[in-house]
Amino acid sequence: MATTPVVKIAASPSILTLRFPRKPLLIPSDTGVFRRPSSLRLRRIRSTAVASWLQDSGATVAVLSGAYSLVLSFDFLTKMNLIEQGFSLCLPGQFSEARYFAAIVPFINCLRLVSYGLGLFTNEDLIKSVTREGKPEELLQGPLCYVLVLLVCTLFFWHQSPIGIVSIAMMSGGDGFADIVGRRFGTLKLPYNKRKSWIGSISMFTFGFLFSIGMLYYFSIFGYLHLEWMPVIKKVAIISFAATMVESLPIDEVVDDNISVPLSSMLTAFLVFGH
């Protein structure tokens, strides 16, 4: 048996509110025509879905092109001996369905590293720019771990959680600059790890902290995060210190710092920020 719609007079006498079993629709009373909202609503939903899909697709293509251009630029700088081997950098995208589009970028980079690391293809410039000893199999270690962490953070944390954002910042900004500064100026070594230096650890803490605060502020501008900054600064300092201590430990032969640093950052961030 069909359900009879209920018609009620709204505040304005020139407007009638037509209530169907599910959705209300306001229709001018002088039209004399009452239509179910399903067709109009479906058109709007489809239009919005297509627009969102095109926007996410365009953002994915743009970020993928930018990421690949960034890699090519570091390949060139390495060839010109302007930077050392092993340097890598992560630039976060502004990128919950859109997360799957954004995840395409690190996923493609995973496939790229695996193909070159297994010797299916060769690219000497890439190998020199992201490895320390210039061996293709090194691509399957630290660099692959790096992009896998990016993939996990993109899928599970996205830009709504400070946990993933800080973890990426500590790995890319903190650990990245610790390696650069430590190699160039790290003459004074840590007493418990002669492969690490005081200046490297200081750089790890400083740049990891600054990158984390910068990325959190960036996402808060667009309304993805709502933070109280004084407590956040203290929490990020705690996370930076914990990640710095883990990075300084002599455990490189056991676990790569591209895994230990983000994992320690995530664990500490869970403790200080909460789920």
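A salt bridge is counted here where a side-chain nitrogen of Lys or Arg lies within 4 Å of a carboxyl oxygen of Asp or Glu. In this predicted model, the contact between K196 and D252 meets that criterion, with 3.8 Å between the closest N and O atoms. K196 belongs to strand β5 and D252 to the loop between α8 and α9, so this contact ties together parts of the chain that are 56 residues apart in sequence. The two partners can also be described by their accessibility. K196 has a relative accessibility of 12% and counts as buried, because the cut-off for that class is under 20%. D252, at 27%, counts as partly exposed, because its value falls between the 20% and 50% limits.

K196 has a further acidic partner. E247 forms a salt bridge with K196, and here the closest N and O atoms are 2.9 Å apart. This pair, too, links distant parts of the chain, with E247 in helix α8 and K196 in strand β5, 51 residues apart. Both of these residues, E247 and K196, are buried. Through shared partners, the salt bridges join K196, E247 and D252 into one network.

The neighbouring position in the sequence, R195, brings another contact into view. The side chains of R195 and E253 meet in a salt bridge, with an N to O distance of 3.2 Å. E253 sits in the loop between α8 (229–248) and α9 (257–273), while R195 is in strand β5, and the two are 58 residues apart. In contrast to the buried pair of E247 and K196, E253 is exposed, with a relative accessible area of 72%. R195 likewise counts as exposed, because its 56% relative accessibility is over the 50% limit. In total, the structure holds four salt bridges, among them the contacts of K196 with E247 and with D252, and that of R195 with E253.

It is helpful to place β5 in its local setting. Strand β4, residues 189–190, pairs with β5 in the antiparallel sense over two bridges. A hairpin of two residues joins these strands, and K189 has S197 of β5 as its bridge partner.

The same stretch of chain also takes part in a pocket. The second largest pocket encloses about 310 Å³ of space. Its lining is made up of 15 residues, and those nearest the pocket centre are R132, D179, R183, R195 and K196. Three elements give two or more residues to this lining, namely α6 (162–185), β5 (193–197) and α7 (198–221). Of these, α6 supplies the largest share, with five residues. By class, the lining holds 10 charged residues, four polar residues and one nonpolar residue. R195 and K196 thus appear both in the pocket lining and in salt bridges, R195 with E253 and K196 with E247.

Finally, the annotation can be set beside the model. An unreviewed UniProt entry lists residues 57–77, 98–119, 139–158 and 198–219 as "transmembrane region". In the model, the span 198–219 is 100% helix and 0% strand, and its end C-alpha atoms lie 32 Å apart. The span 139–158 is 75% helix and 0% strand, with 25 Å between its end C-alpha atoms.

Notes:
Residues numbered from 1 in each chain as written. Predicted model: local features only at pLDDT ≥ 70, side-chain atom pairs only at ≥ 80, totals over all residues. Heavy atoms only, no water. UniProt positions renumbered as here; feature names shortened; annotations may be inferred. Helix = DSSP H or I, 4+ residues; strand = E, 2+ residues; numbered from the N terminus. 1 Å grid on protein atoms, 1.4 Å probe; cavity = no way out; pocket = protein on both sides within 12 Å on 5 of 7 lines; lining within 4 Å. Points joined across faces, edges and corners; volume = space filled by probe spheres on them. Nonpolar A, V, L, I, M, F, W, Y, C, P; charged D, E, K, R; others polar. Pairing = 2+ DSSP bridges. Buried < 20%, exposed > 50% of the residue type's maximum accessible area, 1.4 Å probe, protein only.
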